[in-house]
Amino acid sequence: MQNSQSHLAYLALEHAIVTLVLKPGALVTEKQLIDIAGHGRTPVREAIQKLAWQGLVIVRPRVGLQVAEIKPDDHANVMQVRRELEPIAASLVAKHATDEQREALIDCARTMTSCAVNGDLAAFFAADKAFDEIIEEACPNTFITAALGPVQTHSRRLWYSTATPDRMDRSIALHVTVIRAIQQGKVEESRQAMAVLIDYLSYKP
């Protein structure tokens with residue numbers, strides 16, 4: 001399912017929204033989104049439905065599609081949810097992840113480290129999305145992951161709008177610490193490392 005055309009279309013559009021290629025508040029057509037996603041009408045429509053459910057795209061009758069605005073209190077609200085739930089998710093993943101999922105997280109850490117070397121902010125955000133999806137897949141509590149999915153994407157867009165190479169480097173280092181703790185199955189260390197990461201991401205320059 002993660003490699004379905006609709007999911008790949010979703011990832012392409014989500015990345016365009018997060019990295020502000022699709023500007024907050026912009027009106028867009030289905031054809032524009034098809035061109036950006038590189039997939040057909042049906043997968044893109046399914047992707048639009050998911051983005052609308054996440055609050056990233058607004059379907060306006062007789063007007064079209066609009067990329068959600070960024071509101072002043074969005075950052076505080078999304079980080080409130082992440083601060084409560086993500087440390088729990090990390091501890092559960094440390095306990096329950098398969099060997100394959102742990103290896104996939106290590107691959108994410110390698111990619112993120114390369115982004116730090118190359119200063120590639122967009123590639124880091126793609127790797128961060130992959131990190132979140134592995135956590136979602138590995139976490140046995142689907143109520144937690146259902147709540148986290150939308151706020152993680154909103155948070156990623158908000159953070160991208162103010163990100164700098166220095167902030168990216170620190171974020172990558174903290175992500176790698178979380179990944180190492182999970183990979184080693186250290187439940188409490190994973191919880192604590194994720195709490196430190198979320199505290200850092202909560203800071204709004």
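Domain bounds here come from an automatic or database domain assignment. On that basis the chain splits into domain 1 (5–67) and domain 2 (73–202). Keep in mind that this is a predicted model.

**How the two domains meet**

Let's start with the interface. The centres of domain 1 and domain 2, taken over C-alpha atoms, are 24 Å apart. The numbers for the contact between them look like this:

| Item, domain 1 to domain 2 | Value |
|---|---|
| Residues in contact | 15 residues of domain 1, 14 residues of domain 2 |
| Buried area | about 1,200 Å² |
| Share of that area from carbon and sulfur atoms | 66% |
| Salt bridges | two |
| Residue pairs in polar contact (both at pLDDT 80 or more) | five |

On the domain 1 side, H1 supplies the largest share of what touches domain 2, with seven residues. If you go by area instead, Val18, Gln54 and Leu56 are the domain 1 residues that lose the most to domain 2, and together they make up 36% of what that side buries.

For a salt bridge to look at in your viewer, try Arg156 and Glu14: their side chains meet at 2.9 Å, N to O. Arg156 also turns up in the surroundings of Asp132, which touches both Gln152 and Arg156 once residues up to four places away in sequence are set aside. Asp132 itself sits in helix H6 (residues 121–138). Is Asp132 buried or exposed? The cut-off for buried is under 20% relative accessible area, and Asp132 comes in at 5% relative accessibility, so Asp132 counts as buried.

**Helix H2, a two-sided helix**

Now over to H2, which covers residues 30–37. Its buried residues are Leu33, Ile34 and Ala37. Looking down the helix axis, those buried residues fall within an arc of 105°, so they line one face of H2. The general geometry helps here: an α-helix has 3.6 residues a turn, so residues three or four places apart point the same way.

What do the buried residues of H2 pack against? Their partners are two helices, H1 (5–18) and H3 (41–53), along with two strands, E1 (27–28) and E3 (64–67). Flip to the face turned away from the buried side and you'll find the exposed residues Lys31 and Asp35. Just past the end of H2 comes Gly38, with a positive phi of about 75°.

H1 is therefore worth a second glance, because it appears in both parts of this report: H1 is among the elements packed against by the buried residues of H2, and H1 gives seven residues to the side of domain 1 that touches domain 2.

Key. Residues are numbered from 1 along each chain as its sequence is written. This is a predicted model: local features need pLDDT of at least 70, side-chain atom pairs count only at pLDDT 80 or more; totals for chains, interfaces and linings use all residues. Side-chain values use heavy atoms; hydrogens and water are left out. Buried means under 20% relative accessible area, exposed over 50%, partly exposed in between (1.4 Å probe, protein chains only). Helices (H or I, at least four residues) and strands (E, at least two) are DSSP runs, numbered from the N terminus. The arc is that of the directions from the helix axis to the C-beta atoms. Contact means heavy atoms within 4.5 Å. Buried area is the accessible area (1.4 Å probe) that two parts lose on being put together, summed over both. A salt bridge is a side-chain nitrogen of Lys or Arg within 4 Å of a carboxyl oxygen of Asp or Glu. A polar contact is a pair of N or O atoms within 3.5 Å; within protein, one must be able to donate a hydrogen and the other to accept it, and residues adjacent in sequence count only if both atoms are side-chain atoms.
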